[in-house]
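Hi there,

Here is the structure I promised to pass on. Please have it open while you read, and my notes follow below it.

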Amino acid sequence: MHKIRKEEMYMLSLPFFLFFVEIAKTKNVSIAAKKLNYSQSGLSHALNRAENELGFKLFTRDKNGLHLTAQSRQILPLAQQLVEDFDAINKTIQSIQKLSYGVIKIGTYSSLSMHFLPKIINKFNQDYPEIVIEISEGSREEIKNALLKGRIDVGFTSLSDDDPFEQIALFEDPIVAVFPKDFPVQTNHQGAFDIQNLNQYKIIMPIMDNTIDFDVERVFTQNSLNSDIQASSMDYIAILCMIRNGIGVSLLPRLMVLDFLDELIVLPIAPAAFRSLGMEVNFGKSSALVSTFIRYVKKYMVEDFLKNKTENI
């Protein structure tokens with residue numbers, strides 16, 4: 001390994017290569033000095049000193065400006081590569097610094113914040129402990145409005161074709177029929193509840209944004225259901241407690257009932273129906289930090305969630 005002598009330090013320093021490359025590009029000391037935030041006299045002095053230490057001229061001058069000498073033409077490609085490498089290192093450092101601190105704002109369903117996001121956030125925080133993740137829960141429309149207005153960076157919500165954001169599908173959550181424990185309910189030979197039989201029961205309806213929940217309403221519309229609505233609520237925990245107390249039955253996404261499986265009858269429906277859950281992002285406005293978080297989510301889906309879906313949900 002070459003040991004740098006004291007007299008070599010100036011000519012081999014980064015500032016030398018920076019100003020050498022810039023003067024070669026502009027062919028003008030004044031322009032190069034302005035770009036490098038030097039004074040013209042200071043850069044001229046630095047150039048003269050470098051040539052004295054090197055023992056040969058770097059540039060010749062004529063009416064068209066400065067020109068490389070035969071010796072400096074040999075140096076230029078190496079100097080350009082060194083400057084490019086330095087810029088790449090600097091950009092990488094800046095990227096790391098940006099990922100070291102910051103806030104990611106997430107909008108999500110409460111069922112996802114309880115049963116899907118904790119493992120992802122835990123893995124992410126192990127690598128980026130200084131990053132704060134703020135979670136706000138809301139309905140589908142609330143999440144989309146927050147994303148549109150820039151109040152959140154990522155929305156975890158139900159996907160539909162008419163959404164104006166970039167979408168990343170994650171998984172399908174089945175819609176299930178939910179009954180009180182020990183409720184006398186008939187199932188078909190596959191153990192599913194025939195959705196047409198729902199009309200004979202009193203329904204507790206999930207309400208979001210002052211209307212029937214988007215995913216549940218789709219099931220009602222597709223199957224032409226017109227059931228007797230006994231009660232409605234925006235709080236799915238309240239709905240499950242009402243079902244448990246025999247007030248009525250309901251259709252809900254399965255992710256919502258995971259904590260009540262031992263207290264209720266939860267059945268798949270026929271025909272089967274699902275809500276498509278995923279991420280929505282304004283990629284044109286997203287940061288490197290958000291992009292890194294999205295990569296973590298995708299990695300988790302492949303390496304953990306999809307391989308162990310039964311355990312995860």
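How many bridges join strand β6 to β11? Four do, and the two strands run antiparallel. Before going further, please keep in mind that this is a predicted model. Strand β6 covers residues 166–180, and its pairing with β11 sets A177 opposite L251. Strand β11 itself takes in residues 250–253. On one side of β11 you will find S250 and L252, while L251 and P253 point the other way. Which of these are buried or exposed? All of them are buried, whichever way they point.

There is another antiparallel pair to look at, made by β1 (residues 59–62) and β2 (residues 65–68), again with four bridges. The two strands form a hairpin, with two residues between them. If you want a place to start on screen, R61 stands opposite L66 in β2.

Now to the helices. Helix α1 spans residues 14–26 and helix α3 spans residues 40–54. They pack at an angle of about 110°, and their axes are 11 Å apart. An angle from 65 to 115 degrees counts as roughly perpendicular, so α1 is roughly perpendicular to α3. On the α1 side the contact is made by F16, F19 and I23. From α3 come L43, A46, L47, A50 and L54. What kinds of residue are these? Eight are nonpolar, with no polar and no charged residues in the contact.

Helix α3 also holds H45. H45 counts as exposed because its relative accessible area is 55%, and the cut-off for exposed is over 50%. H45 and D173 are 128 residues apart in sequence, and their C-alpha atoms are 71 Å apart in space.

Helix α10 takes in residues 288–305. Does its length come out as expected or not, and what is the comparison? At 1.5 Å a residue, its 18 residues should span 26 Å, and the end C-alpha atoms are 24 Å apart, so the two agree. Several α10 residues are buried, among them the aromatic-ring carriers F293, Y296, Y300 and F305. The list of buried residues in α10 also includes T292 and D304.

A few backbone details are worth a look too. Most residues other than glycine have a negative phi, and most peptide bonds are trans. K27, which is not a glycine, has a positive phi of about 60°. You will find K27 in the loop between α1 and α2, partly exposed, with a relative accessible area of 39%. N37 is not a glycine either, and its phi is positive at about 65°. N37 sits in the loop between α2 and α3 and is exposed, with a relative accessible area of 73%.

For the peptide bonds, go to A270 and P271: the bond that joins them is cis, with omega about 0°. P271 lies in the loop between β12 and β13.

Last, have a look at G284, in the loop between β13 and α10. G284 is exposed, at a relative accessible area of 83%. Between G284 and N37 there are 33 Å in space, C-alpha to C-alpha, and the two are 247 residues apart in sequence.

Happy browsing, and best wishes!

Conventions:
Residues are numbered from 1 along each chain as its sequence is written. This is a predicted model: local features need pLDDT of at least 70, side-chain atom pairs count only at pLDDT 80 or more; totals for chains, interfaces and linings use all residues. Side-chain values use heavy atoms; hydrogens and water are left out. Axes are lines fitted to C-alpha atoms, for helices over the stretch in contact, and angles run from 0 to 180 degrees between N-to-C directions. Angles under 35 degrees count as roughly parallel, over 145 as roughly antiparallel, 65 to 115 as roughly perpendicular and the rest as oblique. Contact means heavy atoms within 4.5 Å. Ala, Val, Leu, Ile, Met, Phe, Trp, Tyr, Cys and Pro count as nonpolar, Asp, Glu, Lys and Arg as charged, and the others, Gly among them, as polar. The expected span of a helix is 1.5 Å times one less than its number of residues. Buried means under 20% relative accessible area, exposed over 50%, partly exposed in between (1.4 Å probe, protein chains only). Two strands pair if DSSP finds at least two bridges between them.
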